[in-house]
Amino acid sequence: MEMRDIEVFRAVMRAGTTSKAATLLGVSQPAVSQSIRKLEGASELRLFERIRGRLVPTPEAQALIVEVDRCFAGFEIIEHRIRSLKSFGLGRLAVASFPALGTGFMPRAIAAFDLASRRAHMSFQIMSSREVLQQVSAGQLDFGLMADELSVAGLEHSEFLSVPGVIVMRRDHPLTARRVIQPRDLVEHPFIALNPEDASRRRLEQALAKEGKAIRAVLETPYSNSVCELALRGVGMGMVHPIIGLDYLERGLVMRPLSLDIRFTGLLVFRPGMPLSENAKALLRVMRIQMDADLKALRHALSKAAAV
């Protein structure tokens, strides 16, 4: 089994046809077809059905492409790392965050970090907590920010932030008249819920169950950002990470505290045995300063709401 044949297989799966794959790879269409036949022979798998002259992927091909993409993603990261080292040397930072802290907070922290004055180059990615965990484990990141919904066994980690969730809604929602949202409010109105695997949702459901109540979820979504966007459009109300809620106040989203203390926890994760560069340490210091500022702004916003 040759790597080139696997590359051709990936191109066909991505392009959809052998002709488009041939163009993508800069080879002839017969060469693509020959590589596919070789791969099928070497693997003893039927990867495509031949229907009216077209290759239709089999379930085996769909399963294989997941692993192939994972393999090639590693190569692409290595290539990117080589280019960065050529251009920027060891001054490059690679950091990733889960969306709750990645869309608003981290850009503020990075701006305060001032890359230009430090002559540093940075790769910053927003991805799921699972992807952050995988990339830190693989040594592809200096450090990552993730939620506490997954085990971090085998990695160095520390708590970066633990804050109670808040309830968000549109300005015309009937609950805007409340200073604090009570459990009974959550079950009497359409609720936009985070996905069932989300740790904060599980905590909310457990706390409500103790009071004999359950949320009436009209929609589930994985990220607090999506809950805020949907709430702004009147789909319902939802519980979100308060730092995300803070980012939406200027757009008219209303945020209220919840009487239940349902925590959103963010973890810093590091690969053991990989000391942080001075730039990484400096960025962490700036992140902590920025978070202090964000929490101060959050307390101010909630105190204004309480005075209404």
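These legends describe close-up views of a predicted model.

**Figure 1. The whole chain and its three parts.**
The protein chain has 308 residues, and 45% of them count as buried. Its secondary structure comprises 13 helices and 12 strands. The C-alpha trace spans about 75 × 50 × 35 Å along its principal axes. Domain 1 covers residues 3–81. Domain 2 is made of two stretches, 89–160 and 266–299. Domain 3 runs from 163 to 264. Among contacts in the chain with a separation of 6 or more, 73% join residues 24 or more positions apart.

**Figure 2. Where domain 2 meets domain 3.**
The C-alpha centres of domain 2 and domain 3 lie 26 Å apart. How many residues of domain 2 are in contact with domain 3? The contact involves 16 residues of domain 2 and 15 residues of domain 3. Two further features draw on both domains. One is the lining of the second largest pocket, with at least three residues from each of domain 2 and domain 3. The other is the largest nonpolar core, shown later, which also takes at least three residues from each of domain 2 and domain 3.

**Figure 3. The second largest pocket.**
This pocket has a volume of about 430 Å³. Its lining counts 26 residues. Nearest the centre of the pocket lie Ser129, Ala147, Glu149, Asp198 and Pro222. Five elements give two or more residues to the lining: helices H5 (99–102), H8 (129–137), H10 (199–210) and H11 (224–232), and strand S12 (263–270). Which element supplies the largest share of the lining? That is H10, with 4 residues. By residue type, the lining of the second largest pocket divides into 10 nonpolar, 8 polar and 8 charged.

**Figure 4. A cavity beside strand S8 and helix H10.**
The structure holds 1 cavity of 30 Å³ or more. The largest cavity has a volume of about 40 Å³. Phe191, Ile192, Ala193, Leu194, Arg201, Leu204 and Met239 form its lining. Strand S8 (191–194) and H10 each contribute at least two of these residues. S8 gives the largest share, 4 residues. The lining of the largest cavity holds 6 nonpolar residues, no polar ones and 1 charged one.

**Figure 5. The largest nonpolar core, with Leu204.**
This core has 62 residues. Phe105, Leu204 and Met287 have the most contacts inside it. Its largest share, 10 residues, comes from helix H13 (residues 278–306). Apart from it lies another core, of 18 residues, including Ala11, Phe48, Val68 and Phe72. What does Leu204 touch, not counting residues up to four places away in sequence? Its partners are Leu186, Phe191, Ile215, Met239, Leu258, Leu260 and Ile262. Leu204 also belongs to the lining of the largest cavity.

**Figure 6. Met239, a buried residue of strand S10.**
Met239 sits in strand S10 (residues 237–240). Is Met239 buried or exposed? Its relative accessible area is 3%, so Met239 is buried, the cut-off being under 20%. Leaving aside neighbours within four places in sequence, Met239 is in contact with Gly165, Val166, Ile167, Phe191, Ile192, Leu194, Ser200, Leu204, Leu258, Ile262 and Phe264. Three of the residues that line the largest cavity with Met239 are Phe191, Ile192 and Leu204. Met239 and Met169 are 70 residues apart in sequence. In space they are 9.2 Å apart, C-alpha to C-alpha.

**Figure 7. Asn195, in the loop after strand S8.**
Asn195 lies in the loop between S8 and H10. Its relative accessibility is 18%. Asn195 therefore counts as buried, as the limit is under 20%. Beyond residues up to four places away in sequence, Asn195 touches Arg201, Glu220, Thr221 and Pro222. Two of these partners appear in earlier views. Arg201 lines the largest cavity, and Pro222 is among the residues nearest the centre of the second largest pocket.

**Figure 8. Thr176, in the loop between S7 and H9.**
Thr176 is in the loop that links strand S7 (166–169) and helix H9 (183–188). Thr176 is buried because its relative accessible area, 18%, is under 20%. Which residues is Thr176 in contact with, leaving aside its neighbours within four places in sequence? They are Met169, Arg170, Arg171, Val254 and Arg256.

Technical notes:
Residues are numbered from 1 along each chain as its sequence is written. This is a predicted model: local features need pLDDT of at least 70, side-chain atom pairs count only at pLDDT 80 or more; totals for chains, interfaces and linings use all residues. Side-chain values use heavy atoms; hydrogens and water are left out. On a 1 Å grid over the protein atoms alone, a cavity is a set of points where a 1.4 Å probe fits but cannot get out, and a pocket is an open set with protein on both sides within 12 Å along at least five of seven lines; lining residues have an atom within 4 Å of a point. Grid points are joined across faces, edges and corners, and a volume is the space filled by probe spheres set on the points. Ala, Val, Leu, Ile, Met, Phe, Trp, Tyr, Cys and Pro count as nonpolar, Asp, Glu, Lys and Arg as charged, and the others, Gly among them, as polar. Domain bounds come from an automatic or database domain assignment. A nonpolar core is a set of buried Ala, Val, Leu, Ile, Met, Phe, Trp, Tyr and Cys residues joined through side-chain atoms within 4.5 Å. Buried means under 20% relative accessible area, exposed over 50%, partly exposed in between (1.4 Å probe, protein chains only). Contact means heavy atoms within 4.5 Å.
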